[in-house]
Amino acid sequence: MIPTIPPELWLRTAWFIPSSIRRDLYPVNPVFLDLALNDRYSDINLAIRWTTATTKQLKHLNQPHIAHRVQRLTLSSDWLESNMHLDPSEEVTLRTTVAWYLPFDLGRFIDPIVCRISDTKRCNALMETTLVNFPNISSLIIVQETGLSSQIQPGPLLVHAYTACAANLRTLALIATSANFNALFPPNASLLTSLEEVTLTFAPQDDCSADAEAASTFFQAIASTLTTLNISFHGTSDEPSRLLQSFLRQGGKATFPKLESFSLFHSEPPASPSSNIVQFLNQHADTLKHLRLQHTRLSPFASQSVDDLDPLFPVLPHLESLNILDGSSSPNGQELTSNQGLDAARAYVQHSGSTLTSLDLMHCSFTLHDLGTLLDILGRGPSEDTEGGRLKSLTVTVQFLSPQLLDMLAEKLPQLDRLKVHFADLRTNDGADVLTSTGEGSRAGSGDLTHEVVEPFLLEMKTRSYSRWTLRSFGIDRTCLRPDTAMAILMPLALCIPHLVEIDGPFVKMWRESGSTWKESDYGLN
């Protein structure tokens with residue numbers, strides 16, 4: 001007789017099985033069947049074009065043993081309106097016109113267009129009732145598809161969705177294609193008592209200004225519970241700083257007393273933050289721990305020293321992670337030089353040296369000198385830790401990957417755990433006065449790295465040993481960097497850094513356990 005294995009052990013076993021494989025194990029036992037059903041129905045997208053399969057899907061989701069598994073839901077704010085539009089292949093005929101005005105919905109039996117519209121209306125009604133039966137929705141995504149809705153309040157579909165998940169909703173993402181925010185925001189936002197994270201994306205079809213008043217009303221209603229705020233503006237000249245201005249309170253009080261994470265993206269942000277952004281950041285300095293920003297053009301103060309501009313910069317003494325992304329590829333974007341990128345980064349980290357653990361700097365291509373200056377600033381904090389403060393993860397873009405760069409990082413950041421370097425060119429001596437085709441601050445490499453370039457670099461690295469460096473993960477990336485070239489660079493470096501257990505480059509990743517050989521990771525397992 002085969003002994004019965006407790007469900008707890010099956011659940012524990014399932015944690016070590018990739019989800020893509022776990023879904024195929026549902027016939028094994030009820031535990032794996034339950035997990036497979038959770039994987040299948042936890043994330044449902046209903047912001048789709050209507051087909052006959054849509055109605056069947058909704059009827060299936062309405063079943064009690066399925067409905068409680070839905071945790072993440074995507075909806076269209078104007079689903080019915082967008083599906084009422086005619087397809088390019090549909091042609092209105094006299095029969096269509098006659099069928100449209102027949103009573104008792106008889107027209108659906110004689111004209112395919114009328115039939116489809118009738119079925120779409122029925123599906124919309126079914127969708128409204130189905131949403132009420134989803135008791136465990138914790139994440140909701142609302143997409144405004146057409147941007148042409150004239151509604152001044154959310155439609156019945158969204159009202160039902162907000163009502164169903166009012167008590168459990170933790171994350172809400174709103175994607176607006178028009179300034180009509182009232183058609184997206186919940187009518188009674190104060191009922192969302194568990195809401196912690198909000199993402200507002202404004203991508204209008206026509207250049208227009210966001211409805212700051214509607215946004216302010218909504219955010220004030222959820223201010224007491226919000227911990228994460230992500231704001232993104234695309235394809236508009238409107239500035240999100242104007243939206244932030246409507247959030248600011250008199251007397252320096254924080255608008256969101258629990259705010260820990262803030263992300264801001266827009267088409268034309270300056271390298272130095274505007275006064276509204278600085279004021280917003282400083283009002284939340286006591287709680288803010290994670291910051292993500294994008295820079296795309298030069299600051300009007302670029303010619304001035306950072307020391308002369310200290311009052312214009314935020315003071316963030318509790319910042320744990322900072323991510324400054326490159327925005328030079330966006331319209332009107334200009335790439336920052338290394339010195340300008342140093343000033344932009346220094347503005348945020350100068351008060352966070354003792355707390356910062358993760359730093360991503362993709363907004364410029366640093367020289368060895370400027371990156372060293374920034375790391376020195378990080379090491380000046382009132383921390384009793386080793387050099388470089390508490391920094392554990394660093395992603396950075398540099399002009400040259402060189403032995404001198406690794407020497408400096410090992411010296412200034414001995415406690416670093418993860419390193420990812422994006423580089424333009426490879427150098428054996430970063431101090432050499434060698435002209436390259438890339439120029440100051442350039443991100444583009446000069447074609448493929450040849451053996452004549454790689455081999456001297458590796459020979460120089462053989463003279464290095466970083467036994468005190470605790471680095472465990474090291475990755476590199478470069479335009480036109482082939483996977484085999486990346487591994488040709490990384491594998492010899494692993495001999496210099498004895499604590500490494502993971503290396504990765506474009507489309508290839510290697511790992512090893514302590515004392516074992518390197519093995520290739522399979523990206524497809526997860």
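1. Helix packing, α10 against α11. Helix α10, spanning residues 212-222, packs against helix α11, spanning residues 240-247, at an angle of about 45°, and their axes are 9 Å apart. The structure discussed throughout this note is a predicted model. The two helices α10 and α11 are therefore oblique to each other, since angles under 35 degrees would count as roughly parallel and 65 to 115 as roughly perpendicular. The crossing that α10 and α11 make is right-handed.

2. Helix packing, α11 against α12. Helix α11 also packs with helix α12, residues 275-283, at an angle of about 45°, the axes being 8 Å apart. That angle makes α11 oblique to α12. The handedness deserves attention: α11 passes α12 in a left-handed crossing, whereas the crossing of α10 and α11 is right-handed. Two packed helices are described by the angle between their axes and the distance between the axes.

3. Salt bridge between two strands. The structure holds ten salt bridges. One of them joins Arg 72 to Asp 43, with the closest N and O atoms 2.9 Å apart. Arg 72 belongs to strand β2 (residues 72-76) and Asp 43 to strand β1 (residues 43-45), so this pair ties together parts that are 29 residues apart in sequence. Arg 72 counts as partly exposed, because its relative accessibility is 35%. Asp 43 likewise counts as partly exposed, at 39% relative accessibility.

4. Salt bridge between a loop and helix α15. Arg 464 forms a salt bridge with Asp 407, and the closest N and O atoms of this pair are 2.8 Å apart. Arg 464 is placed in the loop between α16 (451-461) and β13 (473-477), while Asp 407 lies in helix α15 (residues 403-412), so the pair ties together parts that are 57 residues apart in sequence. Arg 464 is buried, because its relative accessible area is 17% and the cut-off for buried is under 20%. Asp 407 counts as partly exposed at 25% relative accessibility.

5. A network around Arg 464. Arg 464 has a further salt-bridge partner in Glu 460, with the closest N and O atoms 2.4 Å apart. Glu 460 is partly exposed, having a relative accessible area of 28%. Asp 407, Glu 460 and Arg 464 are thus named as one network of salt bridges. A colleague using the model may ask which of these residues is buried. The buried residue is Arg 464, at 17% relative accessible area.

6. Nonpolar surface patch. Seven side chains deserve listing together: Leu 94, Val 98, Leu 102, Phe 104, Leu 106, Phe 109 and Ile 110 form a nonpolar patch on the surface. Together these residues have about 770 Å² of accessible area. Leu 94 is located in helix α7, residues 94-100. Leu 94 counts as exposed, because its relative accessibility is 67% and the cut-off for exposed is over 50%.

7. Val 92 and Ile 113. Val 92 sits in the loop between α6 (79-84) and α7. Its relative accessibility is 47%, so Val 92 counts as partly exposed. The C-alpha atoms of Val 92 and Ile 113 are separated by 7.8 Å, and these residues are 21 residues apart along the chain.

8. Leu 37 and Tyr 26. Leu 37 is part of helix α3, residues 30-41. With 21% relative accessibility, Leu 37 counts as partly exposed, because the cut-off for buried is under 20%. A distance of 8.3 Å separates the C-alpha atoms of Leu 37 and Tyr 26, which are eleven residues apart along the chain.

9. Positive phi values. Two residues other than glycine are noted here for their backbone angles. Cys 480 has a positive phi of about 70°, and Cys 480 is found in the loop between β13 and α17 (483-496). Phe 507 has a positive phi near 65°, and Phe 507 is found in the loop between β14 (502-505) and β15 (508-511). Is Phe 507 buried or exposed? Phe 507 is exposed, with a relative accessible area of 77%.

How values were computed. Residues numbered from 1 in each chain as written. Predicted model: local features only at pLDDT ≥ 70, side-chain atom pairs only at ≥ 80, totals over all residues. Heavy atoms only, no water. Patch = residues over 30% accessible without salt bridge, like charges linked within 9 Å, V, L, I, M, F, W, Y side chains within 5 Å. Areas by Shrake-Rupley, 256 points an atom, 1.4 Å probe, with all protein chains shown as cover. Salt bridge = Lys/Arg side-chain N within 4 Å of Asp/Glu carboxyl O. Helix = DSSP H or I, 4+ residues; strand = E, 2+ residues; numbered from the N terminus. Buried < 20%, exposed > 50% of the residue type's maximum accessible area, 1.4 Å probe, protein only. Axes fitted to C-alpha atoms, helices over the stretch in contact; angles between N-to-C directions. Parallel < 35°, antiparallel > 145°, perpendicular 65-115°, else oblique. Left-handed = near helix turned anticlockwise from the far one by under 90°.
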